[in-house]
Amino acid sequence: MRIIPDPNRGRIALQMEDPEQTIITTLLADVSQLLSADLPEPDDDPFLRLVGHLDPDQEVTRPRDPALLRLLPDADSSDPQRSAEYRRLTERDLRESKLHSIRIALHSLGQHPAPISLDRDTAHAWMRALTDVRLVLASRVGIASDEDAVRLLGDDPHADGAEVSETEEAILSLYELTTWLQEHITQFMLDGLPDDGEDLDDGDDDLGDLPGDGDEDAHGAGGDDPRGPDGPLGDRG
Amino acid sequence: MTEQEGATAVAEPDVRGVTAPVRDVPWVTVVLNDPVNLMSYVEFVFREYFGYTREKARRLMLEVHERGRSRVSTGSREQMEKDVQAMHGYGLWAECRPSDDRGDA
């Protein structure tokens, strides 16, 4: 696979071989199927659909599959009741938003065998869809912590005597492929964001002094206020 | 919404003000670390969704990465639930709660 960013035209091209295209399509379709399971058919009538959506008797159960739960997390793991209420109100929209990104990505794969050329909107959908694919793969292969990732994705997953099956190795290689792809698309998207105001950021990319810069975001200080002069949150409170 | 000055002198008080104390309880959105999301992607999300500068987005991203969590926004419960839903849409692991619920959030 080759990735060719074209920032001047605001596009990024993906040049895939047939097997790669098949793999990516299958991964996206698998996550789509996972998200679609148990999703009731929407009513044709928009009003009925809205009412059904808000029906307090309509049960929305917390996913038992850890991978699906990671895609549709609790709003507050310390408060099951509020999480259930939040899930009832939002889970359907969240599933549909994720399915929408996957559909856009799958649709653009139809351009094959020509290089798949993505504009920013489509690349955005790819980024989100690949995130969900990677979350599911990670869940399936047991990447639950940074330490797991280092062990399983390092040079030798068998280090410290860990058993890694052939299936797990296959999943890990898919994870690495989709990670690589997402890294490039994300960098393309980051590069295309508008520059910060110079008076706010001062063009200073140096991260070295961050822990000691003593600003308002000191962790756990109690009085920290994320609504800095640069954010749009000032009018939210 | 805050109580209006001189409300005691008004013959017909604005009853809408009754809800003010509830709305004033601040909530927070916390993004939690996970081993999957790329640092560049988390930075992108913070810049795109919250409109944070590159510097601020990176600082919050590093806080998530190194300390396991970062408070990324504060505001009304409604707004925080909206922010959490957006974070979940991006695939980030996020929660929201009243800000005085826990010292670490």
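**Entry 1: Gln182(A)**

I began with the neighbours of Gln182(A): leaving aside residues up to four places away in sequence, it touches Met127(A), Leu130(A), Thr131(A), Arg134(A), Leu38(B) and Tyr41(B). I note at the outset that the model is a predicted one. I placed Gln182(A) in helix 7 of chain A. Is Gln182(A) buried or exposed? I recorded it as buried, because 23 other C-beta atoms lie within 10 Å and the cut-off for a buried residue is 20 or more. I also looked up the pair Gln182(A) and Ala129(A), which stand 53 residues apart in sequence and 9.4 Å apart in space, C-alpha to C-alpha.

**Entry 2: helix 5 and helix 7 of chain A**

I next examined how helix 5 (residues 120–141) of chain A packs with helix 7 (residues 166–191) of chain A; the angle is about 155° and the axes are 9 Å apart. Helix 5 of chain A is therefore roughly antiparallel to helix 7 of chain A, since angles over 145 degrees are classed in this way. I logged the crossing of helix 5 of chain A past helix 7 of chain A as left-handed. By class, I found 16 nonpolar, six polar and four charged residues in the contact of these helices.

**Entry 3: overview of chain B**

I then turned to chain B, whose secondary structure comprises four helices and three strands. Along the sequence I read the pattern α-β-α-α-β-α-β. Of the 105 residues in chain B, 47% are buried. I also looked up the contacts in chain B with a separation of 6 or more, and 62% of them come from residues 24 or more positions apart.

**Entry 4: the sheet of chain B**

In which order do the three strands of chain B stand? I found an open sheet in the order 2-1-3, with antiparallel pairing. Strand 2 (69–75) and strand 3 (93–98) of chain B are at the edges, and each has a single partner strand, so one side of each lacks a neighbour in the sheet. From one strand to the next, the twist averages 25°.

I checked each pairing of strand 1 (residues 27–32) of chain B. With strand 3 of chain B, it pairs in the antiparallel sense over six bridges; Val31(B) has Ala94(B) in strand 3 as its bridge partner. Strand 1 of chain B is also joined to strand 2 of chain B by six bridges, and these two run antiparallel. There, the bridge partner of Leu32(B) is Arg69(B) in strand 2 of chain B.

Why is strand 2 of chain B described as largely enclosed by the rest of the structure? I attribute this to burial, because six of its seven residues are buried.

**Entry 5: helices of chain B**

I found helix 4 (residues 77–90) of chain B lying across strand 1, strand 2 and strand 3 of chain B, and running at about 170° to strand 3.

I closed with helix 2 (residues 39–50) and helix 3 (residues 54–67) of chain B, which pack at an angle of about 130° with their axes 9 Å apart. That angle makes helix 2 of chain B oblique to helix 3 of chain B. I entered the crossing of these two helices as right-handed. Among the residues that make the contact are Val42(B) and Phe46(B) of helix 2 and Leu60(B) and Val64(B) of helix 3. By class, I recorded seven nonpolar, one polar and four charged residues in the contact of helix 2 with helix 3 of chain B.

Technical notes. Residues are numbered from 1 along each chain as its sequence is written. Chains are lettered from A and ligands numbered from 1 in the order in which they are written. This is a predicted model: local features need pLDDT of at least 70, side-chain atom pairs count only at pLDDT 80 or more; totals for chains, interfaces and linings use all residues. Two strands pair if DSSP finds at least two bridges between them. Axes are lines fitted to C-alpha atoms, for helices over the stretch in contact, and angles run from 0 to 180 degrees between N-to-C directions. Two residues are in contact if their C-beta atoms, placed from the backbone, lie within 7 Å. Angles under 35 degrees count as roughly parallel, over 145 as roughly antiparallel, 65 to 115 as roughly perpendicular and the rest as oblique. A crossing is left-handed if the near helix is turned anticlockwise from the far one by less than a right angle, and right-handed if clockwise. Ala, Val, Leu, Ile, Met, Phe, Trp, Tyr, Cys and Pro count as nonpolar, Asp, Glu, Lys and Arg as charged, and the others, Gly among them, as polar. A residue is buried if 20 or more other C-beta atoms lie within 10 Å of its own, exposed if 12 or fewer, and partly exposed in between; C-beta atoms are placed from the backbone.
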